[in-house]
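Open the model in your viewer and keep the sequence panel at hand. We will go from stop to stop, selecting a few residues each time.

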Amino acid sequence: MRVRFAPSPTGALHIGGARAALYNWFVARGSGGTFVLRIEDTDLERSTPENVEQILDALRWLELDWDEGPISQVARADRHGEALQQLLDAGLAYRTTATADDVKAYKEQHGHDRGFRGQDEGEGAVRLRVPDDEELVVHDLVRGDTTFRTVHLDDPVIARADGRVLYNFAVAVDDLDAGITHVIRGEDHLSNTPKQLLVYRALGAEPPQFAHLPLLHGPDGKKLSKRHGAASVQELRDAGYLPAAIRNYLALLGWGDEDDETIIATDELVKRFDISRVSKNPARFDEQKLRWLNGRYLRELSLDELTAELERFTGREGLRAVVEISHEKIQTFADFWPLVGFFFDGPTTEDEKSRAQWLDDAGRAALADVRAALAALPPDGFTVEAVDETLRGVVAAREAKPKQVFQPLRVALAGTTVSPGIFETVVVLGRDETLRRIDAAITD
């Protein structure tokens with residue numbers, strides 16, 4: 001099998017495009033086939049080197065390697081011109097100066113459900129001749145058969161007057177020359193498929209098999225967009241997701257196997273993936289579900305692996321101790337610093353509500369007792385077990401609820417009520433820094 005991913009480099013790689021790339025990659029790797037990367041860069045204004053690099057960067061980060069390419073579509077202009085001339089010489093295409101107004105006038109004369117048919121004028125744009133009364137059947141591995149009647153199709157423009165070929169012609173020629181056996185892409189391309197079938201026919205070639213994937217929607221059922229959260233691979237990377245979790249989650253957007261599992265390793269997905277099991281219905285991208293899944297993947301990393309990843313993500317060093325006490329509370333790398341930054345930068349000053357609630361007179365009185373109890377611990381006995389016993393002793397002595405002691409302490413140390421476990425936090429901060437922050441909170 002030979003499959004391809006052929007993005008237009010007009011910006012960052014969208015999540016829908018990433019899923020299409022992933023499914024093609026699964027098919028190639030699962031069958032021992034070939035994964036071809038082609039860059040459809042005929043839009044010269046938007047297809048900048050920077051945009052091309054964004055596509056390559058996203059695929060590399062997702063760890064989707066390709067076997068051939070990246071092939072520049074615009075670099076194949078000579079081959080496109082050769083194929084175009086072949087059709088002109090055979091009378092299967094013609095040159096015409098017909099404008100949009102001419103097409104409109106034709107339909108007003110012949111009926112609006114009748115496709116435009118032009119005459120060879122020897123100059124102008126090139127249109128492909130469409131037979132009048134045939135049926136084109138797209139045999140789709142996902143959607144089943146879809147039939148298009150040629151009588152409704154305009155003779156499509158396949159090249160401009162200056163010889164530059166258009167998308168549907170270039171795609172068919174490129175897929176033919178690359179020996180692509182299966183075209184797996186979004187269903188927004190379904191309307192292009194009959195035009196491409198006509199190009200294959202005119203070139204005397206058998207078309208590949210097609211599989212059109214359902215579009216991605218947000219949790220509200222509307223087409224996925226930035227309002228639903230991250231919309232591109234780069235945004236997901238910057239938000240602190242793992243490539244393996246992204247691959248797992250995208251694989252399940254519209255596909256599933258008989259076991260109905262949620263967490264499936266990539267090598268297992270390669271073995272199990274079957275394009276015929278992709279649903280026809282739109283799949284819903286829910287970043288909250290992705291966060292949950294990513295959290296599961298994070299907790300599969302060893303402490304050393306996770307520490308290395310978080311040090312790379314934050315640009316900080318010496319994080320192992322705080323990673324050890326906080327990893328159960330994070331679902332993405334981006335969750336980490338807001339949770340633990342106070343260890344390094346001091347208590348946050350942005351949570352005035354928590355300070356007002358817990359550092360009132362009663363809270364400061366509880367902190368005074370906490371300080372005295374912790375100060376009595378020997379420096380070499382400042383362990384989680386000792387701190388746990390000591391603080392619970394303060395709770396018992398005050399006949400208070402645990403939160404009436406622990407929350408003032410947490411706000412004194414972190415500036416907010418959200419932190420890793422309070423006993424572990426105290427130990428990692430250390431005896432002297434803990435006492436210093438308590439003193440600051442009491443006298444503030």
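Two strands count as paired if DSSP finds at least two bridges between them. Keep in mind on this tour that the model is a predicted one.

**Stop 1: a hairpin**

Select strands E6 (135–140) and E7 (144–149). They pair in the antiparallel sense, with 6 bridges, and a hairpin of 3 residues leads from E6 to E7. To find one of the bridges, click on Val 137, whose partner in E7 is Thr 147.

Now show the side chains of E6. Which of them point to the buried face? Leu 136, Val 138 and Asp 140 do, while Glu 135, Val 137 and His 139 point to the other face and are not buried. This fits a general pattern: in a regular strand, side chains alternate between the two faces of the sheet.

**Stop 2: from the hairpin loop to Glu 187**

Stay in the loop between E6 and E7 and pick Arg 143. Its side chain meets that of Glu 187 in a salt bridge, 2.8 Å from N to O. Glu 187 sits in the loop between E9 and H6, so the two partners come from distant parts of the chain, 44 residues apart. Both ends are partly exposed: Glu 187 has a relative accessible area of 23%, and Arg 143 comes to 28%.

**Stop 3: a crossover**

From Glu 187, step back to strand E9, residues 182–186. Is this strand mostly covered or mostly open? It is mostly covered, with 5 of its 5 residues buried. E9 runs parallel to strand E10 (residues 209–213), and 5 bridges join the two. The chain gets from E9 to E10 by way of helix H6 (residues 193–202), in a right-handed β-α-β crossover. For a bridge to click on, try Gly 186, which is partnered by Leu 213 in E10.

**Stop 4: a buried acid**

Next, select Asp 41, in the loop between strand E2 (34–39) and helix H2 (49–61). What is the nearest side chain of opposite charge to Asp 41? It is Arg 38, which is 8.2 Å away; Asp 41 is buried and has no salt bridge. The cut-off for a salt bridge is 4 Å between a side-chain nitrogen and a carboxyl oxygen, so Arg 38 at 8.2 Å does not qualify.

Asp 41 does have polar contacts to display. Its side chain makes one with the side chain of Ser 72 at 2.7 Å, and also reaches the backbone nitrogen of Gln 73 at 3.2 Å.

**Stop 5: more charged pairs**

A search of the whole structure gives 36 salt bridges. Select Glu 53 and Arg 60 to see one of them, at 2.9 Å from N to O. Glu 53 is partly exposed at 37% relative accessibility, and Arg 60 is partly exposed at 44%.

Then go to Arg 316 and Asp 345, whose closest N and O atoms are 3.5 Å apart in a salt bridge. Arg 316 lies in the loop between H11 and H12 and Asp 345 in helix H13, so this pair ties together parts that are 29 residues apart in sequence. The relative accessible area of Arg 316 is 33%, making it partly exposed.

For a wider view, select Arg 4, Arg 38, Glu 40, Arg 76, Arg 79, Glu 82, Asp 174, Asp 175 and Asp 177 together: salt bridges with shared partners join them into one network.

**Stop 6: aromatic rings**

How many aromatic pairs are there? The count comes to 11. Take Phe 313 and Phe 333, a tilted pair at 5.7 Å centre to centre with 50 degrees between the planes. Phe 313 belongs to helix H11 (residues 303–314), and Phe 333 to the loop between helix H12 (320–326) and helix H13 (336–345), 20 residues apart. Phe 313 is partly exposed at 27%, whereas Phe 333 is buried at 2%.

Compare this with Trp 337 and Phe 344, a stacked pair at 5.2 Å centre to centre and 20 degrees between the planes. Trp 337 is partly exposed at 21%, and Phe 344 is partly exposed at 35%.

For the last selection, show Tyr 23, Trp 25, Phe 26, Trp 255 and Phe 273, which ring pairs link into a cluster.

Notes: Residues are numbered from 1 along each chain as its sequence is written. This is a predicted model: local features need pLDDT of at least 70, side-chain atom pairs count only at pLDDT 80 or more; totals for chains, interfaces and linings use all residues. Side-chain values use heavy atoms; hydrogens and water are left out. Buried means under 20% relative accessible area, exposed over 50%, partly exposed in between (1.4 Å probe, protein chains only). Helices (H or I, at least four residues) and strands (E, at least two) are DSSP runs, numbered from the N terminus. A crossover is right-handed if, with the strands pointing away from the viewer, the path from the first strand over the helix to the second runs clockwise. Rings of Phe, Tyr and Trp (its six-membered ring) pair if their centres lie within 6.5 Å; planes under 30 degrees apart count as stacked, over 60 as edge-to-face and the rest as tilted. Lys and Arg count as positive and Asp and Glu as negative; His and the chain ends are not counted. A polar contact is a pair of N or O atoms within 3.5 Å; within protein, one must be able to donate a hydrogen and the other to accept it, and residues adjacent in sequence count only if both atoms are side-chain atoms.
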